[in-house]
Structures are given as C-alpha cells and as structure tokens.
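This report looks at strand pairing and a metal site. The structure is shown first.

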Amino acid sequence: MSVQKIQIFDTTLRDGEQVPGCKLDMDEKLVIARQLELLGVDVIEAGFPISSPGDFEAVKAIAAQTKQATVCGLSRAVEQDILTAAEALKGARFPRIHTGIGTSDSHIKFKLRTTQEKVLERAVEAVKLAKKYVEDVEFYAEDAGRTDNEFLARVCEAVIKAGATVLNIPDTTGYCLPEEYGAKIKYLVENVNGVDRVRLSTHCHNDLGLATANSIAGVINGARQIECTINGVGERAGNTALEEVVMILRQHPYLNLDTNINTKLLTETSAMVSQMMRMPVQANKAIVGSNAFSHSSGIHQDGVIKHRETYEIIDPKDVGVNDSSIVLTARSGRAALAYRLQKLGYDFDKATLDKAYASFLQIADRKKEVVDEDLHQLVEQENLIAAN
Ligand code: KIV
Ligand code: ZN
C-alpha cells in the first residue's frame, strides 16, 4: 500500500494565539509564518480577520509573503466575517476561507438559540458565499465532538453540495475518547454522499489530554488533514501538538501515513514559538521538552550508552537535537560517570573509577546535577591519574 499524505494545517497563529498573554505582534507573526513554511506545513491559518484590524493586517501580510503553503482565514457563518476574510486573503497564492457554525445540541440551543434546520441553512449559505471569493473553502462544524453523528452527516453532505473542499470535525471541548472520535470520522466516511470529493480534517482540543490520540484515531479512520499548533499551544489545555502527531506518523511507518514536515526543524520552531509567545515548554513535553532526550537514572544511562535505541525510540537528530544527554545525578551509575569522564578526556582504570564514583556520589547527594566543572574539580582534588 502506498504512503498517503496527511496535510498539516497549522493554527498556531489563530487558535494558538487566542491564549491570554501569547499575543504576537505583526513582525513576530510574519517570522513564525515564514518558519512554518520552512517546516513544511501545508496550511497556515493566519488569523481571524474580522476579529480586529491588527489580525486583518496580519492575515493580509502573511498572505502576501507566503509562497508554497495555503493561507487560511477564519470566519463565522456570518456575511461580514466571510467578506472580511476574503478581502484579507486577496493577495494569497493559495487562499482558503474557513467558515462554520456550531452543530451540537448545546451550541444550537444555548449559544445560537436556533434550530438544526436553521443551522443547516446558515452552513450552506456561508459556504456558497465564501465560494464566490475562493475555490478552497473549509467548513467547520463547531463542537462536532458532541454532535449527533446523523445530524453531523446531514450538515457535511449539505456543505459538500454547496462547494466545501475540506470538512473540519472539531472536538472543540476536548471531550471525545479516541475510539469515539475515530468512529465519528469512520461514520462520516461511510455515510456522507460526496465525502470522497473532500478532505476530512481533525481539530482536537486537549482538555482531557487526548488531543493527539484523537487526531491519530481520526487519520487512521480516514481523515486526511490534522489541525494543530506548535507545542500544542491553544486556549485552556491547548490544541493538538504538531510535533507529536508528525513524529507519531513518522515512527509508525506501517500506518502508511506521513506528512511533508521537515522534522529536523521541529526543535528550533518550538523554541521560536515558545520564546515569542512567552509560553515556556514543559521539560517533559514529548519531542520538544528539554528532558525529551535526556537520561538520568543509572539503569537507563547504562542502556543508552551501550545502545541508544534501548531507551530512545526517536533519534534526537531527526528532530534537530544534536545528541541525547546523560545527566549526572545521585541516581546515575558508574557507566554514566565513566562515559562523561571519558568525554572530558579522563580514561580511568576500574580502581580509580571506583574512587571517583565514591566522591561523585557525595557531590551528587549535595547537588541536583553534577556538571563538567564538578568533575574536573573532583579529579584534581582526589589526585586521580588517568590510565594512559
Ligand atoms: O475548536 C474549534 O471548534 C475551532 C473552530 C473555530 C474551528 O477552533
Ligand atoms: Zn479550536
């Protein structure tokens, strides 16, 4: 079976930027958009043009600078939103309008205070209007995660007829279990007329820590686009983390699903977004956290020193990290100490290493981490002589 391409739709600059305190200025947005294009994302959701004049200008500027990726602007199923998005995207080589409306009972009853039939009508009108300005129209069924599948299928069928090219099935509240979300996508694949003419897209939030698992369940069941953000930034618990879904597909080639992402740029892109959004990346974050390739317990260190793959499923170089790191702490063993000493030029025989290890443990019990400087001092103070 040939490998199928999953499109990566990055919404760091729209859903990600909605986080309080993460607001970016125009220059920062342009720099991040350029980096996303280098990274190889297929679609950049550049903003929500009606939301503010600043966002309108940012979408316009990103549309003008972007050469390869599709540039997308968000709108509600509201005439003025769509017209404004179309205006902002005028200069884009590949423009896409992303429009939609809530489809769950809760959205229809409490937010929109309307009926299913009226939602259906507004969805179709919105897509038809967007279609007058751009060929590529993505429709989102907000809160699709909690929408009854039969009604969702009716909406999908109607917007495909109206001209939608991509159908976004957001788990807006991060509620679904992976089996449930995967089954939803499968239901749409099997029950929506015309679904073969469009691309189904996942858009999962992380309220229960399931955004990545749900997105993967989505593509396994037939979705062909994943909406995500760098470092998983986004409102509340955030969105699906781009680096996670990309590396999951890369590390599981038997799924026959892959992306266009240049994974060697993942770490620098993560650092750039973290710094510009003033949003630190947790140390134990998968793929891009500072501890993602660092080993501190004796058993693991011994395994990694003998053969990296014993405790690492990803080669750090594949995501732009030079090497795994062996961190010396009171939990480290002789193998790790010998390894680090060797890197510093000290090659000790067994007896000398035993002596070094005894004093190393005393330092390690006092300090959180033993660094190269401590090792040089240890060698000097103990008068240790190298074997050759
Ligand atoms: O989470 C969501 O439902 C969204 C839509 C506006 C696409 O972000
Ligand atoms: Zn969202």
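The text below covers the strands and their connections, then the zinc site.

The model is predicted. Strand 3 (residues 43–47) is mostly covered, with five of its five residues buried. Strand 3 pairs with strand 2 (residues 7–10) in parallel, through two bridges. Within this pairing, Phe9 has Val43 of strand 3 as its bridge partner. Between strand 2 and strand 3 the chain passes through helix 1 (residues 26–39), making a right-handed β-α-β crossover.

Strand 3 also pairs with strand 4 (residues 70–76), again in the parallel sense and over four bridges. Here Glu45 stands opposite Cys72 of strand 4. The chain reaches strand 4 from strand 3 by way of helix 2 (residues 53–65), and this β-α-β crossover is right-handed.

The two pairings of strand 3 are set side by side below.

| Pairing | Sense | Bridges |
|---|---|---|
| Strand 2 and strand 3 | parallel | two bridges |
| Strand 3 and strand 4 | parallel | four bridges |

Which protein atoms bind the zinc ion (ligand 2) as donors? They are Asp15 (OD), His203 (NE2) and His205 (NE2), at 2.0 to 2.1 Å from the ion. The spacing of these donor residues in sequence is D-x187-H-x1-H. Asp15 belongs to the loop between strand 2 and helix 1, whereas His203 belongs to strand 8 (residues 199–204), so this pair ties together parts 188 residues apart in sequence.

Are Asp15 and His203 buried or exposed? Asp15 counts as buried because its relative accessibility is 4%, under the 20% cut-off. His203 is likewise buried, with a relative accessible area of 4%.

Conventions: Residues are numbered from 1 along each chain as its sequence is written. Chains are lettered from A and ligands numbered from 1 in the order in which they are written. This is a predicted model: local features need pLDDT of at least 70, side-chain atom pairs count only at pLDDT 80 or more; totals for chains, interfaces and linings use all residues. Side-chain values use heavy atoms; hydrogens and water are left out. Buried means under 20% relative accessible area, exposed over 50%, partly exposed in between (1.4 Å probe, protein chains only). Two strands pair if DSSP finds at least two bridges between them. A crossover is right-handed if, with the strands pointing away from the viewer, the path from the first strand over the helix to the second runs clockwise. Donors are N, O and S atoms within 2.8 Å of the metal (3.2 Å for Na, K and Ca); water is not among the atoms, so sites may look incomplete.
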